[in-house]
Amino acid sequence: MRALARKLRGAGFRLVTQRTHEVNTLYDLPGEVLRKRKELLRLRKYGSSWKLTHKSGGKTGRHSSRVELETGVDDGNKMDAILRALGYRPSFRYEKFRAEWTDKKGQVVVDQTPIGDFCEIEGPSRWIDDTAKKLGVKTGDYITKNYATLFAEWKQETGSPAKEMTFEAVKA
């Protein structure tokens with residue numbers, strides 16, 4: 001992580017958000033309606049702030065891109081109650097510690113998760129490739145999978161009985 005921070009600074013990035021705890025809950029309807037449509041409904045607590053996000057559509061190639069609608073939420077517990085009242089249920093929970101970096105053209109987020117450390121490069125395609133190169137990441141090393149998929153693969157590889165990607169569940 002220290003080496004990555006040095007590379008980011010050397011590439012002209014500045015730290016925007018210090019390492020912050022983040023808890024994400026994905027919601028779906030009975031029968032996994034959203035998942036089957038390749039959509040996502042997420043309630044995120046990042047530090048002390050909350051956001052509700054809907055992701056849909058999208059394409060995956062060397063880069064991943066989805067339509068994302070997001071809004072702040074004053075009270076995450078009330079939002080959870082509203083979603084449940086509408087028939088949505090938590091389908092997956094995951095947590096991480098995230099730091100955010102920018103060069104004002106795009107963003108690099110560094111995630112420390114219970115299953116490993118990941119770096120997400122967000123911006124225009126050419127900028128992503130240029131930034132990855134500056135950080136020593138080859139295009140063959142790109143990962144476009146979401147955390148639910150990465151967790152499922154990790155469980156298969158390790159035989160872990162964890163049901164969610166939280167530090168407590170993975171440690172147990």
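Me: Before counting anything, what counts as a helix or a strand here?
Reply: Helices are DSSP runs of H or I with at least four residues, and strands are runs of E with at least two. The model is predicted. By that rule, the chain has six helices and seven strands.

Me: In what order do the elements of the chain run from the N terminus?
Reply: The order is α-β-α-β-β-β-α-β-β-β-α-α-α.

Me: How do I read the radius of gyration of the chain?
Reply: Set it against the value for a compact globule of equal length. For 172 residues that value is near 16 Å; the chain has 17 Å, so the two agree. For the extents, take the principal axes: the C-alpha atoms fill a box of roughly 50 × 35 × 30 Å.

Me: What share of the residues in the chain is buried?
Reply: Buried means under 20% relative accessible area. In this chain, 39% of the 172 residues are buried. The chain exposes about 10,800 Å², and 49% of that comes from carbon and sulfur atoms.

Me: Which share of the contacts joins residues 24 or more positions apart?
Reply: Take contacts with a separation of 6 or more. Residues 24 or more positions apart account for 54% of these.

Me: How many positive and negative side chains does the chain have?
Reply: There are 34 positive and 23 negative side chains. Then compare the centres of the two sets: they lie 3 Å apart.

Me: Now the strands. How many bridges join strand 6 to strand 7?
Reply: Strands count as paired if DSSP finds at least two bridges between them. Strand 6 (residues 107-113) and strand 7 (residues 116-122) are joined by seven, and they run antiparallel. A hairpin of two residues links them. Read the register from partners: Thr113 is bridged to Gly116 in strand 7, and Val109 to Glu120.

Me: What does strand 6 pair with through six bridges?
Reply: Strand 5 (residues 89-102), again in the antiparallel sense. Here Glu100 stands opposite Val109 of strand 6. Val109 therefore has a partner on either side of the strand pairings just listed: Glu100 in one, Glu120 in strand 7 in the other.

Me: Is strand 6 mostly covered or mostly open?
Reply: Mostly covered. Five of its seven residues are buried.

Me: What should I look for in phi angles?
Reply: Start from the usual case. Most residues other than glycine have a negative phi. Then list the exceptions. Lys104 is one of them, with a positive phi near 75° in the hairpin of strand 5 and strand 6, which has four residues between the strands.

Me: Where is Glu32, and what is its phi?
Reply: Glu32 sits in the loop between strand 1 (14-28) and helix 2 (33-36). Its phi is positive, about 55°, although it is not a glycine.

Me: Why does Glu32 count as partly exposed?
Reply: Partly exposed lies between the 20% and 50% cut-offs. Glu32 has 40% relative accessibility, so it falls in that class.

Me: And where is the place of Lys38?
Reply: Lys38 lies in the loop between helix 2 and strand 2 (40-46). Lys38 also has a positive phi, about 60°, and is not a glycine. Its relative accessibility is 62%, so Lys38 counts as exposed.

Note on methods
Residues are numbered from 1 along each chain as its sequence is written. This is a predicted model: local features need pLDDT of at least 70, side-chain atom pairs count only at pLDDT 80 or more; totals for chains, interfaces and linings use all residues. Side-chain values use heavy atoms; hydrogens and water are left out. The radius of gyration is taken over C-alpha atoms; the globule rule is 2.2 Å times the number of residues to the power 0.38. Buried means under 20% relative accessible area, exposed over 50%, partly exposed in between (1.4 Å probe, protein chains only). Contact means heavy atoms within 4.5 Å. Accessible areas come from the Shrake-Rupley method with a 1.4 Å probe; for residues, only the protein chains shown count as cover. Lys and Arg count as positive and Asp and Glu as negative; His and the chain ends are not counted. The place of a charge is taken as NZ of Lys, CZ of Arg, CG of Asp or CD of Glu.
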